Structure formats: C-alpha cells, structure tokens
Amino acid sequence: MKITRLTTYRVPPRWMLLKIETDEGVTGWGEPVIEGRARTVEAAVHELSDYLVGRDPARINDLWQTMYRAGFYRGGPILMSAIAGIDQALWDIKGKVLGQPVYELLGGLVRDRMKTYSWVGGDRPAELIAGIAALREAGFDTFKMNGTEELGIVDNARKVDQAVARVAEVRAKFGYEIEFGVDFHGRVSAPMAKVLLRELEPYRPLFVEEPVLAEQDEYYRTLSDATSIPLAAGERMYSRFDFKRVFDRGGLAIVQPDLSHAGGITECVKIAAMAEAHDIALAPHCPLGPVALASCLHVDFVAHNAVLQEQSMGIHYNQGADLLDYVKNKDDFRLSGGWIRPLTKPGLGVEIDEERVIEASRTAPDWRNPVWRHADGSIAEW
Ligand SMILES: O=C(O)C(=O)C[C@@H](O)[C@H](O)CO
Ligand SMILES: [Mg+2]
C-alpha cells in the first residue's frame, strides 16, 4: 500500500481536518492544527507530504522519525501539530487495514470507560453557577474554568479576591458534589501564582492548570512545593523532549499533552509512559474536534495513568460548529454522566461526514484568539 494524497480542510469553528489517501482506497483522517495558526500548520503538513507520498502508511514509526528528524529543525507547535495530525491519520489507516480500533493495536484496553470534563464560564470566567447547573442537569460532575481575567505580573488584592470569590461561590453552591480544575491559562506570573494558589487552597480545586507559562516551567517545582493543589500543564509542550525536562525537575501532578499538538498518538503514548514512571497522571488537553478527541481516547484507554479527558462539547471556542457536527457516528461519542466508552470501530473510530467537511471548508474562518491589553495599553496574556 502507498500514500497517494494529503488533503487539508480548514473548517469552523477553528479546526483543520486532514485526509490521507492510499492507492488501495483506504483513507485516514487526522486533525493537525494550532488554534489561530491553521494556515501555518496547513503549509507544514503539505511540506511534510514530501516525506510521505509514495511511502507505505503502515511504517508509522519510520514516517514519524523521518518527519521529526529529516528536516534538521524540529519541535515546536507548528511542526509537531502537523506531525500529530499526520500520525493520527496513519493510525486510522493502520486500524482500518487490520480491522481493529487503534487501542487494540496499542495493547488493548486498560479500562472500560474514561472520565471526561466540560468547560464552563468562557474566556472571562462568568456565569459559572448557571453553566455548572446546566451541565449538572446533563449528568456532568467535573468541570474546568478560567481562573482569572487579565492579571499583571504583580497585581492587587482586589484582582486576587475576585478570582478567589468566583471559586468560593462555586464551592458554596455545589459543595463537593462536583469537582473542577482552574485554568490559569498562562495569564498568571510566577509571583502571582504563588499568591493565588495559596488563596485557592481552602476550596480544594482538583488541579490548577498552566499555573505559569510553559516557558517558565522551572517554577512548577517551587510552586508545587508551596501548595497542596495538584499542578497540571502540557498543552504548550510539543514532544517527549519538552516533557523530559519537566519530569526531571518535578512539580507537575498531571500532564496534559494535546494529541493534535504533541506529535500525535505515537508521541503521546511515549509521553504517557514517561509520566507513569514519575507517578504523574495523564489528562490529555483537547479543546478541539472529533479526530483530536478520538486520538486522545485511544491513548486514554491504553494508559494506566490516564485520569481525565477534556472534551469540547459546548466549549466557548466552538462558535459556528460543535464537537460532533462533522461526525456520522455521533452515538459512539455518547457521554453518560461524563463517562465515555471506547471507540470500537476500526482505526480511530470516527466516521467523518466528508461532504459536510468540504461544504464547511468553503466558509472556514481564520479564527484568532482575542488580543488582550492591560489598562496601561501593554499586551496581556489571553
Ligand atoms: O482547553 C484548554 O485548557 C485551554 O487552555 C484552551 C486553549 O488551549 C485554547 O484552545 C487556545 O486557543
Ligand atoms: Mg488550558
């Protein structure tokens, strides 16, 4: 079998889907994308196709190493997201050829169902109570919210109190019938993270995510030593070589590689195993579409240390399309009380509605995240 063509479709809300075709009619789907840089990743995918067209799609490991090493420069969000989506599609092809779901090819199920969580509150955390109450009706009990709005490198007690009050209100309203992570989203500096973590401790969040920016990862250890709150990070780390340094320094209780940013299934299975060796939990990041989520789930179902899976149903980013809009087998993604069963169809287990994708690609927006500024006009972390 040989790879014959790679076709990319940028689609609402901000995703990109990749179709890899072969000379034997088997096709695979991937989701290579960096939110806000879809066109850049699209160019990278088509540059990498030089290494792929004419090759045997079954040789995923050699194709992965070739894409990663042959171009001299490596790593980073663009190239690793392009590799990620291509890798997902290659696993989809392999599973379809062998008639097996990807998790079977990775050694079989390590669990019978996987726990997921939902976002509440949007970019500027608001309406948290109403958001949680609505999702509680749908049976969810685990959530994630942004912790703050714009925050200065050193900011005042009022801003800290606003952030803490939102979390306190959630706990007061729902007690411990629910659990939630608080995403600092890289908006919080190391000095302010120390302050906020301490003030949030009484409300016992399940984790605090991206307590500082990934480029400040040397602070994970000192912050972790100063708080009882489990720290989580990983969406802006792109390979086992990025994660290696974090594992060595310590400080993270949970790693959150994104299956569409960190090299795909081949790479994230390795990251999961490295994390397990350090007694660190796995909770893949996934604010994206159905192929990204399916790829996460195949890793979740073979990784002993997988504890929680992000999914984007109803997420505030999904304007113009939602998680399953391009999926034919919607029932396979049914969430019961936030739990999801394995995707058992061959490959990734996602039946893409290609006509819908092609139609939607005609009006694909160039999604960009908002540009935030502080009161003094300087750029703020979004
Ligand atoms: O889901 C999360 O944890 C996020 O922090 C969302 C962020 O990754 C946006 O997708 C960036 O555009
Ligand atoms: Mg996040």
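Helix axes here are lines fitted to C-alpha atoms over the stretch in contact, and angles run from 0 to 180 degrees between N-to-C directions. Keep that handy for the first stop, and remember throughout that you're looking at a predicted model.

**Stop 1: two helices side by side**

Select residues 240-249, helix α9, together with residues 264-277, helix α10. Their axes sit 10 Å apart, and the packing angle comes out at about 10°. Angles under 35 degrees count as roughly parallel, so that is the label for α9 and α10. Now show side chains at the contact: R240, F243 and F247 come from α9, while α10 brings E267, K270, I271 and M274. Colour them by class and you should get four nonpolar and three charged residues, with no polar ones.

**Stop 2: the sheet, strand by strand**

Jump to the start of the numbering and pick residues 3-11, strand β1, then residues 15-22, strand β2. These two run antiparallel and are joined by eight bridges. Want a pair to click on? L6 has I20 of β2 as its bridge partner. Three residues lie between β1 and β2 in this hairpin.

Carry on to residues 27-30, strand β3, which pairs with β2 over four bridges, again in the antiparallel sense. Here the pair to click is L18 and, opposite it in β3, G30. The β2-β3 hairpin has four residues between its strands. Which residue there takes a positive phi? Check G25, where phi is near 80°.

Zoom out a little and view the strands together. They make an open sheet of three strands, ordered β1-β2-β3, with antiparallel pairing. β1 and β3 are the edge strands, each pairing on one side only. Look along the sheet for the twist, which averages 20° from one strand to the next. Strands of a sheet pair through backbone hydrogen bonds, so switch those on if your viewer draws them.

What packs on this sheet? Add residues 354-361: that's helix α12, which touches β1 and β2. The direction of α12 makes about 60° with that of β1.

**Stop 3: around ligand 1**

Finally, centre on ligand 1 and bring up the residues around it: E35, D183, H185, E235, H285, P287, E310, Y317 and N369. How does this shell divide by residue class? Four of the residues are charged, three are polar and two are nonpolar. For the acidic side chains, click through E35, D183, E235 and E310; then turn to the histidines, H185 and H285. P287, Y317 and N369 are also in the shell.

Conventions: Residues are numbered from 1 along each chain as its sequence is written. Chains are lettered from A and ligands numbered from 1 in the order in which they are written. This is a predicted model: local features need pLDDT of at least 70, side-chain atom pairs count only at pLDDT 80 or more; totals for chains, interfaces and linings use all residues. Angles under 35 degrees count as roughly parallel, over 145 as roughly antiparallel, 65 to 115 as roughly perpendicular and the rest as oblique. Two residues are in contact if their C-beta atoms, placed from the backbone, lie within 7 Å. Ala, Val, Leu, Ile, Met, Phe, Trp, Tyr, Cys and Pro count as nonpolar, Asp, Glu, Lys and Arg as charged, and the others, Gly among them, as polar. Two strands pair if DSSP finds at least two bridges between them. A residue is near a molecule or strand if its C-beta atom, placed from the backbone, lies within 6 Å of it.
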